[in-house]
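Trainee: Could you walk me through this structure, one question at a time? I'd like the terms pinned down as we go.

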Amino acid sequence: MTSSSEPEGALGGIKVIDLSRVLAGPYATQMMADHGAEVIKVEPPAGDMTRDWGPPFVGDVSAYYAGLNRNKQHLSLDLSRDEGRAVLLRMLADADVLVENFKAGTMERWGLSPETLAELFPGLVYCRITGFGTTGPMGGMPGYDAVLQAYSGIMSINGEPGGGPLKAAMPIVDLTTGMLAFSGVLLALHERTRSGRGQLVDLALLDAAVSLLHPSGANFFMDGKLPTRLGNGHPNVTPYQTFQTRSGDSLFVGGGNDRQFAALCRYLGEPEIADDPRFATNADRMAHREELAAVINRLMEGIDLDEAARSMLAHGVPASRVQTLDEVFTDPQVLHRNMIEEIDGYRLLGVPVKLDRTPGSVRTAPRSHGADTVEVLRAHGYPDVEIEELLGSGIVLEPAEGKARI
């Protein structure tokens, strides 16, 4: 998949079979693919359900699907049938990693449990993603990002003071699980260089969600107090929130330590506020949070947002305008960091992990359902006559425009 003019990537030579769908698994495997792994995305005949999560669409590729499935080969395979599972086993013969997020018990029902595959392929790293894990009181229950935001307590601490619980706008549980899956697979591959053996990498959305409860969890362990919803505020530091400017726009301002708070007071034109006994230390400021917010809101009324957004950081004050996505995606620093990529008519988020010798890259766009079915089968030694039989029986599918390729 990588052209000769491009660096191989840190995971060059690693082969990943991606049976996952929706978000956490595909996000993890996309990161592997970005860094050079050969990732074969295996979809059922109906396709990954997120292909339908639109508009907007380009062909049968929704924006949701496009954001998680670049740099992959796309194979359509019916794993519910013995013949489909036989194709999968053939692909696993030289694979390094398998990623799946089926409902707990599905792989066991198909005779493809982690234990079975470990016997067949001792070096295989098997990454399993479930909602609540496979054992325990909730073991095997289906998991969804918003459900886990509620179950884990994330929703209870998110929202405005006096308001109700609020879901985070991004699917933070799924995304975090995907990043942890990526990390876990790399850990297992690293350990394999010593032992020669693969292992099960077991991820649960619940575990990922609970791991995000910092600092609220640490605070609760220490003082036993349930956190209150603070909107854009911080449970341990103040000021650390958004304020309204005279233009009516929002400016995030932080004073994480006494030096930064003093710099903020100087910037706002009243340096003596930093010497007020109510605000001398962060503990003092936390005890007088509402009084301090009122003082800063008053001073913010005279702030020019555009000027402040450019100069507060230079004055040692953590600050930023609250930008909208159209502003973010044209921001010079975002573009400088190559966080917007364009390929084959798609605009995609860039690769966040930068390596200087073996950088990640966006090489192929997300593709139609089954777009690489024939090529993948050929690469695994299937002659054209057998491919025709698999296509004819519906074990594998290819797009309508690809029917004449054999």
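Mentor: Sure, one term before anything else: buried means under 20% relative accessible area, exposed means over 50%, and partly exposed is in between, with a 1.4 Å probe and protein chains only. Next, the ground rules: this is a predicted model, so local features need pLDDT of at least 70, side-chain atom pairs count only at pLDDT 80 or more, and totals for chains, interfaces and linings use all residues. Residues are numbered from 1 along each chain as its sequence is written, and side-chain values use heavy atoms, with hydrogens and water left out.

Trainee: Is His74 buried or exposed?

Mentor: First, where it sits: His74 is in strand β5, residues 72-77. Strands here are DSSP runs of E with at least two residues, helices are runs of H or I with at least four, and both are numbered from the N terminus. The relative accessible area of His74 is 0%, so His74 is buried.

Trainee: How far apart in space are His74 and Glu43, C-alpha to C-alpha?

Mentor: Contact means heavy atoms within 4.5 Å. Not counting residues up to four places away in sequence, His74 touches a list of residues that includes Glu43, Arg51 and Tyr65. His74 and Glu43 are 31 residues apart in sequence, and their C-alpha separation is 7.5 Å.

Trainee: Which residue forms a salt bridge with Glu43?

Mentor: Side chains of opposite charge can pair when their charged atoms come close. The cut-off for a salt bridge is a side-chain nitrogen of Lys or Arg within 4 Å of a carboxyl oxygen of Asp or Glu. Glu43 is buried at 1% relative accessible area, and its partner is buried too, at 5%. With the closest N and O atoms 2.8 Å apart, that partner is Arg51.

Trainee: How many residues apart in sequence are the parts that Arg128 and Asp202 tie together?

Mentor: Arg128 is buried, with a relative accessible area of 11%, while Asp202 is partly exposed at 42%. Their side chains meet in a salt bridge of 3.5 Å, N to O. Arg128 lies in strand β7 (residues 125-130) and Asp202 in strand β8 (residues 200-204), so the parts tied together are separated in sequence by 74 residues.

Trainee: What is the N to O distance in the salt bridge of Glu342 and Arg347?

Mentor: Glu342 is exposed, at 61% relative accessible area, and Arg347 is exposed as well, at 53%. Their side chains meet with an N to O distance of 3.8 Å.

Trainee: How many of the residues of helix α1 are buried?

Mentor: Helix α1 covers residues 24-34. The buried residues of α1 include Tyr27, Met31 and Asp34. The helix is largely enclosed by the rest of the structure, because the buried count is eleven of the eleven.

Trainee: How far apart are the end C-alpha atoms of helix α13?

Mentor: The expected span of a helix is 1.5 Å times one less than its number of residues. For the twelve residues of α13 (residues 289-300), that should give 16 Å. The model agrees, with its end C-alpha atoms separated by 16 Å.

Trainee: Which elements do the buried residues of α13 pack against?

Mentor: Among the buried residues of α13 are Leu292, Val295, Ile296 and Leu299. The buried set covers an arc of only 160° around the axis, counting directions from the helix axis to the C-beta atoms, which puts them on the same side of α13. They pack against β9 (240-244), β10 (250-254), α11 (258-267) and α12 (282-287).

Trainee: Which residues touch Leu230, not counting those up to four places away in sequence?

Mentor: Leu230 is in the loop between α10 and β9. At 23% relative accessibility, Leu230 counts as partly exposed. Its contacts are Gly159, Pro161, Pro235 and Arg289.

Trainee: Which residues is Ala188 in contact with, leaving aside neighbours within four places in sequence?

Mentor: Ala188 lies in helix α8, residues 172-195. Its relative accessible area is 2%, so Ala188 is buried. The residues it contacts are Val125, Gln199 and Val201.
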